[in-house]
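Got your viewer open? Let's walk through this one stop by stop, with a selection to make at each.

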Amino acid sequence: MADNPADEPLDGGAIESTPAGDTGAPPPDLPKSQAEFFARAAEKVRSKFPTTPGVYLFQDKQGRVIYIGKAKNLKARAGSYFLQAAADERRTAQLVREAYDIDFLEAESEVDALLMESRLVKDIQPKFNQELRDDKTFPYLQITTHEDFPRVEITREPKSSGVKLYGPFTNVSSLRGALQVLQRVFKFRTCSLDIDDGDERWRWFRPCLLASIDQCTAPCNLRISKEEYRKDIKRLRMFLDGNRKSLVKEMQKEMQQASADLKFEKAARLRDEIQLLERIKERGDLEQHEQPEVFYIDPKKGLAGLKKVLGLSEMPRTIEGVDIAHLGGNETVASLVQFIDGLPFKPGYRRFRIREVQGIDDYASIREVVARRFRGLQETEQVFPDILLIDGGKGQLGRGMEAFRSLGIEPPTVLSLAKKEELIYVAGRDEPLRLSRHAYALRLLQYVRDESHRFAQHYHHLLRRKRTLGE
């Protein structure tokens, strides 16, 4: 289902690559008054709309806003409505025929544009955002308020109390991208743990990978006080409410005070957060960390299914997938992709050039990359993934386990997934698992496997092009 009925058919390359000069010729079947609007608005987009992020607003004859959309490039996105395709497309045709003017509001980044769109749609409730207003299946950003350490999560079933809601949003993939960008700054938790302040049992809890890569302050290990964590949540809410400038000023004042009080560690952290906030303007790309889902996946059901079929004591949170790519034994490379809570986590992706293997030997290449990955995690005292998935069959799984034995490391749950029959081989078990093709657990593993294959092939093609063209 398209999250935004008017935007979705126009997304992708057609919008971002549409030259403004290709717009402006009204469809021949438009009434005269609409044809005049079409030509006038198309010229307005060409001459006045910037190529920066923001939101665009269509208005009717009475000046009422009838549709709001976000854009990474305002000129390209708005210009796409003034093509014959927009007038022909069922989900945009009526909008084109009722609009009499178009305007825009600039935003500092794509993340800001996403939040601005959500706020405006909620406040104005435009006619052509009707489905967004009424359909409860659209995603919200939900911050719990009743917990000692509030969590931040995306939900399609928002609670009626005990939470602060932002949304609804038009596109869940964009929202996930924004959440990852903001988590780098504010380091909030996204897990579902029930953490009570002062409960000493949490001091022995092992934090997840997000703490290791400095994207969560790990309240699950009591590494941050309730008061300091809630300050981070307050800053996040200020940003989501559109108070970026006030937020930066407040953080700068707090940083200076911390420095004056000789709390240099706190001052340094605030300095880094301010710099990250400023960088959102330059690097708030919602597509940078998200891979579109190529088939329907329910992450929670997939993880619950894996817990059940693998007999795990706890729900897995982190899955890493490994694959090998080569062409005739040349430029052999490996990919490692990372999924957190069943979704791709692009900052955790890694690429490896195979160093120790000559010619074509996928088994030996798997052994090398597994050894290099987990040796590095052990040396830097980082958390291991809950599941390691190797692309291949029983042979690839065996060589991966050799790497752990050679290092003397206790492995996580290690699996391999064979392509033809989609059998799941599990380390320590003689017989493979054969799940239904429709099983959520299998489909999640297929998603991880296919993403690792795509990422390996992409890296391999880059190296081939570099070698061939001398780039």
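What volume does the second largest pocket have? About 260 Å³, in what is a predicted model. To bring up its walls, select Lys 187, Ala 211, Asp 214, Cys 216, Thr 217, Ala 218, Arg 223, Ile 224, Arg 269, Asp 272, Glu 273 and Leu 276, which line the pocket. Colour that selection by class and you get five nonpolar, one polar and six charged residues. Now add helix H12, residues 264-283, to the view: four residues of the lining come from this helix, the largest share.

**Next stop: the sheet with E4, E5 and E6**

Select strands E4, E5 and E6. They form an open sheet of three strands, paired antiparallel in the order E5-E4-E6. The edges are strand E5 (152-155) and strand E6 (163-166), and each of these pairs on one side only. Turn the sheet and look along it: from one strand to the next, the twist averages 30°.

Zoom in on strand E4, residues 140-144. Four bridges pair E4 with E5 in the antiparallel sense. For a landmark, pick Leu 141, which stands opposite Ile 154 in E5.

Which helices lie across these strands? Select residues 172-186 for helix H8, which lies across E4 and E5 and runs at about 175° to E5. Then select residues 226-240 for helix H10: this helix lies across E4, E5 and E6, running at about 150° to E4.

**On to the sheet with E1, E2 and E3**

Clear the view and select strands E1, E2 and E3. Here is an open sheet of three strands with antiparallel pairing, in the order E2-E1-E3. Strand E2 (65-71) and strand E3 (101-106) are at the edges with a single partner strand each, so one side of each has no neighbour in the sheet. The twist in this sheet averages 20° from one strand to the next.

Strand E1, residues 54-59, runs antiparallel to E2, and six bridges join the two. Click on Val 55 in this region and look across to E2, where Lys 70 stands opposite. Now show residues 110-124, which make up helix H6. This helix packs on the sheet and touches E1, E2 and E3, with its direction at about 165° to that of E2.

**A look inside**

How many cavities of 30 Å³ or more does the structure hold? There are two. For the second largest cavity, select Phe 37, Phe 58, Tyr 81, Phe 82, Leu 95 and Val 96, the residues that line it. About 30 Å³ of space lies inside this cavity. Colour the lining by class and you'll find six nonpolar residues, no polar ones and no charged ones.

**Last stop: confidence**

Finish by colouring the whole chain by pLDDT. The protein has a mean pLDDT of 78, with 80% of its residues at 70 or more. Where does the pLDDT fall below 50? One stretch is residues 1-24, which has 61 contacts in the model beyond near neighbours in sequence. Another is residues 282-296, where pLDDT stays under 50 and the model has 39 contacts beyond four places in sequence.

Definitions and conventions:
Residues numbered from 1 in each chain as written. Predicted model: local features only at pLDDT ≥ 70, side-chain atom pairs only at ≥ 80, totals over all residues. Heavy atoms only, no water. 1 Å grid on protein atoms, 1.4 Å probe; cavity = no way out; pocket = protein on both sides within 12 Å on 5 of 7 lines; lining within 4 Å. Points joined across faces, edges and corners; volume = space filled by probe spheres on them. Nonpolar A, V, L, I, M, F, W, Y, C, P; charged D, E, K, R; others polar. Pairing = 2+ DSSP bridges. Axes fitted to C-alpha atoms, helices over the stretch in contact; angles between N-to-C directions. Contact = heavy atoms within 4.5 Å. pLDDT = per-residue confidence, 0-100.
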